Protein chains: 2
Amino acid sequence: MTDTHQPPRGTGAELKRAILDEARRRLESGGYPALSTRKIASAVGCTATSIYLYFNSKDALIHALIEEGFEDLNSKMMAAIEGDGPVLERLKDAARAYVRFGLERTAYYEIMFMLRPEQMERFPAESYRRARRSLDAFASFASVSPAEGLKRGTIVLTALHGLVALLIAQRVDAQLDREELIESAIHAACTAAVAPPF
Amino acid sequence: MTDTHQPPRGTGAELKRAILDEARRRLESGGYPALSTRKIASAVGCTATSIYLYFNSKDALIHALIEEGFEDLNSKMMAAIEGDGPVLERLKDAARAYVRFGLERTAYYEIMFMLRPEQMERFPAESYRRARRSLDAFASFASVSPAEGLKRGTIVLTALHGLVALLIAQRVDAQLDREELIESAIHAACTAAVAPPF
DNA sequence: GGCTCTAAGTTTACACTGTCAACCACGCCT
DNA sequence: AGGCGTGGTTGACAGTGTAAACTTAGAGCC
């Protein structure tokens, strides 16, 4: 498990890549707690402090992973949104993509959305906004004004986040049929988003 | 700040109380990170290991705080639910109570709902269910069957959780009017909950 | 009084964590 | 040859939660 395989590691930029690769591997297999600077270093064949030559802090390393996660999530949602078909159906497809991402790439989802702010320096707001293009796409849907669109898009995303977060934390009643719950929640959130203003 | 006031601390059950009190104080003033066994101990005038005489682990201590949080949250929501007035309005009032709790007692909310499962042994499921009486009340609303009610109640709670969690993490666009967003999200979630099945 | 038994706390230690300051080694340039 | 910067390591610091062993105080009983 603590795979101390020592592939002739590179140096300089190569080492940086190796560190990032190892961090990604560990995140995917062991989640956030597996991201220890010392463990990453020993697996990659360098010392813990060498990581600081390429990342200002552990958080900076994690930010790089978060960025990767946003890239994946965004592309999946954009693909759904840019499809053809009725607006509501595309919205739902994007929502399904979001939920699927959260449940399949749980470790990524956690570092992207579930780290408490004091626990980690917040992902830079600027990157976050850029990373959130899909929200803008959401916002452009079925909205009278841009402001109303932003609001509605945000509401959908918060609803989806709550669903995913509680599912991940296993804080949803086990009696419920998972798939049915998800589909119903998506339906509720998306139809509300395209409903006439109240 | 690291108030090493040493009030003639008690012993036995009194010490346990003192520990819990200090933990609560620290949680409220400094959030989750302020909950260090050593800091609590030194503030209360005993050693860190003494805490383990009364709590099996740090998590057990936190569980006690979580229980307090649920008690507060539950009573507030139940008060709203058991009021008089139309169902939808009572539902919204309960939702408002939930959101207000999350935004006012943030530190409590975080340990109750936002700790990642690996980070802390999950709050015992049995306690959690008991702590969640308000969900059952939700479920009893506007539902054809109990199963449908549970599902709808869960969907509302997930939506509210997502809203609160992202607000706390400051991951909601700052341009949005906070109060308006909250009110709209509550409206969307609650009206969907009492809508006819789709 | 003197013995034992027990409960309550403390001391000490272990294995971690992220990170910083000082140090060393090498290749390039003058 | 000498100086310098770049890349990396060593060793340390200040934390963390927690387990094992030790000490101390008090109660019950002969």
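**Protein surface at DNA strand C**

A backbone N or O atom of Lys58(A) lies 2.9 Å from a phosphate oxygen of DNA strand C, a polar contact in the sense of a pair of N or O atoms within 3.5 Å. The model is predicted, so that local features need pLDDT of at least 70 and side-chain atom pairs count only at pLDDT 80 or more, whereas totals for chains, interfaces and linings use all residues. Residues are numbered from 1 along each chain as its sequence is written, chains are lettered from A and ligands numbered from 1 in the order in which they are written, and side-chain values use heavy atoms, with hydrogens and water left out.

Side chains also reach the phosphates of DNA strand C. An N or O atom in the side chain of Thr37(A) is 2.7 Å from a phosphate oxygen of the strand. For the side chain of Thr47(B), the corresponding distance is 3.0 Å.

In total, 21 residues surround DNA strand C, a residue being near the strand if one of its heavy atoms lies within 4 Å of it. Those that come nearest are Arg38(A), Thr49(A), Tyr52(A), Thr11(B) and Tyr54(B). Helix α2 of chain A (residues 37-44) gives the most to this surface, with three residues; helices are DSSP runs (H or I) of at least four residues, numbered from the N terminus. Of the strand atoms within 4 Å of the protein, 54% belong to sugar or phosphate and the rest to bases.

How values were computed
Polar contact = N/O pair within 3.5 Å; in protein donor to acceptor, adjacent residues only side chain to side chain. Helix = DSSP H or I, 4+ residues; strand = E, 2+ residues; numbered from the N terminus.
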